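Trainee: I am new to this structure. Please take me through one part of it closely, and then show me how that part fits with the rest.

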Amino acid sequence: MNTNINTETNKSTKTNNKMKLWHCHNARSLRPLWALEEMGFDYDVEVLPFPPRVLKKDYLAVNSLGTIPYFVDGDCHLTESSAIGLYLVERYQRYDFGLEPSHPEYADYLNWQFHSDATLTFPQAVALRYGVFEKPERRSKQVAEDYQKWFIARLNRLNEHMKDREFLCGNKFTVADITITYALYLGELIGFDKDYQPHINDYLKRMKARPAFQKVVVIGEQDSNFKKVKGFNR
Ligand SMILES: N[C@@H](CCC(=O)N[C@@H](CS)C(=O)NCC(=O)O)C(=O)O
């Protein structure tokens, strides 16, 4: 595959016919970046400083939300990190990385996809905001700690589910493993993994050892200010 990495904001979202992803190191855009790499698509990636809404204001012309990821494939524009992998599976019939609707675990697969962001990443984002990214005078130890506890409590379903499984569903690696692993990985970055159960830490370790993850996780690392979150709550 031929992946171009660009660090200059390009206002045009349609410079060629290649898929394009806007990414910040360690942000949720790691989900689609990892999915693109696993599936072997030819794509462009543009790396932005975090948060682009503040540090790269011209990005608002690309994505009026200012959030990461932003993904373009022809006329299709997506802003939800957990939707993009699913889109790639369905749009390109890449069921080698997903489950078909007729699969007995299809409902589970979809549920984990949505669970990954709506249930898991959401409390992490609040903990991060009030633990790290706000100006010191606006930070709140209480809010950060409460949302950390909330996140750990929300792992209950995953803890149970993963007791005797190697992958989330279908007995194979799917895009649902990508979206759920990202939440676990972000939790690890901010020090929440000390409260992970051992089999969840093992699952995270297995997923992170995948060559595609290893390849993309470093993209944008050099100038990343998402590194400062490392272990903030340890
Ligand atoms: N639900 C969206 C959330 C996107 C989102 O909030 N991304 C964060 C990065 S992890 C962001 O861009 N934050 C910066 C901001 O809100 O300005 C998704 O899953 O992609």
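Mentor: Here is a close look at domain 2, followed by its contact with domain 1 and the ligand shell.

Keep in mind that this is a predicted model. Begin with the division of the chain. Domain 2 covers 106–209. Domain 1 is made of two stretches, 4–97 and 216–229.

Now look at two helix pairs. Two packed helices are described by the angle between their axes and the distance between the axes.

Take helix 4 and helix 5. Helix 4 spans residues 106–133, and helix 5 spans residues 141–153. Their axes come within 8 Å and cross at roughly 160°. An angle over 145 degrees counts as roughly antiparallel, so helix 4 is roughly antiparallel to helix 5. The crossing of helix 4 and helix 5 is left-handed. Which residues of helix 4 meet helix 5? They are Leu120, Pro123, Gln124, Val126, Ala127, Tyr130 and Gly131. On the helix 5 side, they meet Val143, Ala144, Tyr147, Gln148, Trp150 and Phe151. This contact has 10 nonpolar residues, three polar and no charged.

Next, take helix 7 and helix 8. Helix 7 runs over residues 175–189, and helix 8 over residues 198–208. Here the axes come within 10 Å and cross at roughly 110°. Helix 7 and helix 8 are therefore roughly perpendicular to each other. Their crossing is left-handed. Helix 7 brings Asp177, Thr181, Leu184, Tyr185 and Glu188 to the contact. Helix 8 brings Ile200, Leu204, Met207 and Lys208. The residues of this contact divide into five nonpolar, one polar and three charged.

Now step back to the two domains. The centres of domain 1 and domain 2, taken over C-alpha atoms, are 20 Å apart. Each domain gives 14 residues to the contact. On the domain 1 side, helix 1 (30–39) and helix 3 (81–91) each supply at least two residues. Helix 3 gives the most to that side, with five residues. The domain 1 side divides into seven nonpolar, four polar and three charged residues.

Finish at the ligand. What surrounds it? The shell holds Ala27, Arg28, Pro51, Arg53, Gly66, Thr67, Ile68, Pro69, Glu80, Ser81, Ser82 and Asp117. These residues divide into four nonpolar, four polar and four charged. One of them, Asp117, falls in helix 4 (residues 106–133). That leads back to the helix that opened this tour.

Terms used
Residues are numbered from 1 along each chain as its sequence is written. This is a predicted model: local features need pLDDT of at least 70, side-chain atom pairs count only at pLDDT 80 or more; totals for chains, interfaces and linings use all residues. A residue is near a molecule or strand if its C-beta atom, placed from the backbone, lies within 6 Å of it. Ala, Val, Leu, Ile, Met, Phe, Trp, Tyr, Cys and Pro count as nonpolar, Asp, Glu, Lys and Arg as charged, and the others, Gly among them, as polar. Axes are lines fitted to C-alpha atoms, for helices over the stretch in contact, and angles run from 0 to 180 degrees between N-to-C directions. Helices (H or I, at least four residues) and strands (E, at least two) are DSSP runs, numbered from the N terminus. Angles under 35 degrees count as roughly parallel, over 145 as roughly antiparallel, 65 to 115 as roughly perpendicular and the rest as oblique. A crossing is left-handed if the near helix is turned anticlockwise from the far one by less than a right angle, and right-handed if clockwise. Two residues are in contact if their C-beta atoms, placed from the backbone, lie within 7 Å. Domain bounds come from an automatic or database domain assignment.
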